[in-house]
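Me: Could you take a close look at one part of this structure with me? I would like a connected walk through it, please.

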Amino acid sequence: MSMTPRRVLFWLHLTAGVIAGIVVFFLSITGACIAYQRQAISWADRGHRVAAQNSPRQHLSVLMENAQHYAHAPATGISIHSDASIPVEVTIGRELARVVLLDPYSGSVLGDSAPRLRAFFAEATALHRWFGMQGANRATARAIKGAFTLAMLFLVCSGVILWIPRKWTRSHVGKALLFRRNLQARARNWNWHNVIGIWLSVPLLLISLTGVIMAYPWANDLLYRITGNEPPPRQTEGAGRGPVAAPDKAFGEKHRSHNSNAAIRVEALIAAANQSVPGWQTITLRIGGPQAGGLVIQADRGDGGRPDLRTQITLDSATGRPIRVEPFSSYNAGRRLRMWARFTHTGEAGGLAGETIAAIAALGAAALMWTGFALALHRLRARLHRKPAHVGIVTGAAASSDRDPVYTSASLKE
C-alpha cells in the first residue's frame, strides 16, 4: 500500500490527536468555562449600584484604607468608572484576587464583588493556564500546555486539509458541511468530526495560534521580528505576580507607603482622563509600591476587551497632571499585535459576539477530540478483528476504507 502525502498527513493527524486529545479536551472545557466572565460578574454586582450625588468623590487613600481594613490585606489595584452609579472597585491580592466595592462618595464598603463567581472563574482560569499547579510547578505546567497547544495548532492545520471534500459535487460537499440524520456509530462520528472541523476551523486556528504566541517566548519574539521590531526584554519568572497576601493586622503601617502613590483626589485622575481620553469608561490604577517616574493609570474607552481602546497615562504623583500619554497607536506594530493576540484568544476582541464564537469553538474542539477518539478506536477494533487476506474476501467497502483513511460514502450508509 503506497503512502501518499495525504495518507501520511492523516496518520500524523491521527497520532497527534490520540496523544494530545485528553489534554486538548481539558483545555477546551476549561476555556469554555471562563467565557462571559466580565458579563457574569457585572450581572452579579447589579445590586450594589449607588445613587449619583453632586458631592465630590472620596480621596483615593481613604477608599483604599477602608477596603484594606475591611479585607485585612493590602490593596493591589483600584478601578473607577465614569458612570457615577457604579461602585469603586478595590482589588485585594493578586492571584485569586478579591474585589471590594465601595461607595465613591461616602467611601463606605458595600461588600465583596461576586465572591463565589470570582472564585469559580479564578479556579477555572488557574486550571486552564497551569492545570491548577502552584509555585515552581507552574513552569512545568506552562511547558506542557505549550506543547499541547502547538499540537492543537497542527491538528487544526492538518484537519483543514483532511476535512475539505476532495470532490466538489453537491453530494460530497453536503456530507462535509451539513449534519446528517439517521447515522450511527462510525458514520455519525465521521460526519460530526468533519462538519464541526470545517465550520470552526477559522476560530480554532486563531485560538490555537494565539495560544502558541502566549505560551512560547520564541513565538512571541517572532511576532515582533516579523513586524521589524525588537522583542522587549523578558521578565523574570514570576515578575509582576505573586501569591495572595496573607492577612496582616499591622498592614496599615506596613503598606502606608503604598498609598503615598495615591495622595491625590479621584477628581485629579478623572480630570487627567477627561483631558487625554475623552469618552473613557474606566480608570484603573495598579498599586504595588512607589512607581518610578510618576503614577501610572490606564484609561479604557471600552469594556475591557479591546486593547485599541486603552490609553496609558503617567501622572505627576504630587500634582496629578499628565506627564506622558501613550495611546494604543503609539506602540510599535509588534506590541500592538501581541496585545491583540491576548484578547483574540479569549474572543473578547470581538465583544459579546467574539466571546460567543470563542466559547462555541472551545466546545467544538472538545467534540472534535471526542469524535476523533471514537473514530480511532473504531479503526483499532477493525484492524484487530480483520480476517487475513487468504482466509476471506475483503468487501469493496472495507477495501475502500483501508485504502482511504478518510471514510467514503459507502461507510456512511452503515
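In which sense do strand β2 (residues 88–92) and β3 pair, and over how many bridges?

Reply: Happy to! Please keep in mind that this is a predicted model. Strands β2 and β3 pair in the antiparallel sense, and five bridges link them. One residue to look for in this pairing is Val 90, which stands opposite Val 100 in β3.

Val 100 is also a good place to turn to the next strand. Its bridge partner in β4 is Asp 112. Strand β4 covers residues 109–112, and three bridges join β4 to β3, again with the strands running antiparallel. If you follow the chain from β3 to β4, you trace a hairpin with six residues between the two strands. In that turn sits Gly 107, whose phi is positive, at about 80°.

How enclosed is β3 itself? Buried here means under 20% relative accessible area. Four of the five residues in β3 (residues 98–102) are buried, so the strand is largely enclosed by the rest of the structure.

For another strand to look at, try β5 (residues 282–286), where you will find Ile 283. Ile 283 has a relative accessibility of 1%, so this residue counts as buried as well. Beyond its neighbours within four places in sequence, Ile 283 is in contact with Ile 78, Ser 79, Ile 80, Leu 269, Ile 270, Ala 273, Ile 297 and Gln 298. You can also locate Gln 312 from there: Ile 283 and Gln 312 are 29 residues apart in sequence, and their C-alpha atoms are 9.7 Å apart in space.

Conventions: Residues are numbered from 1 along each chain as its sequence is written. This is a predicted model: local features need pLDDT of at least 70, side-chain atom pairs count only at pLDDT 80 or more; totals for chains, interfaces and linings use all residues. Side-chain values use heavy atoms; hydrogens and water are left out. Buried means under 20% relative accessible area, exposed over 50%, partly exposed in between (1.4 Å probe, protein chains only). Two strands pair if DSSP finds at least two bridges between them. Contact means heavy atoms within 4.5 Å.
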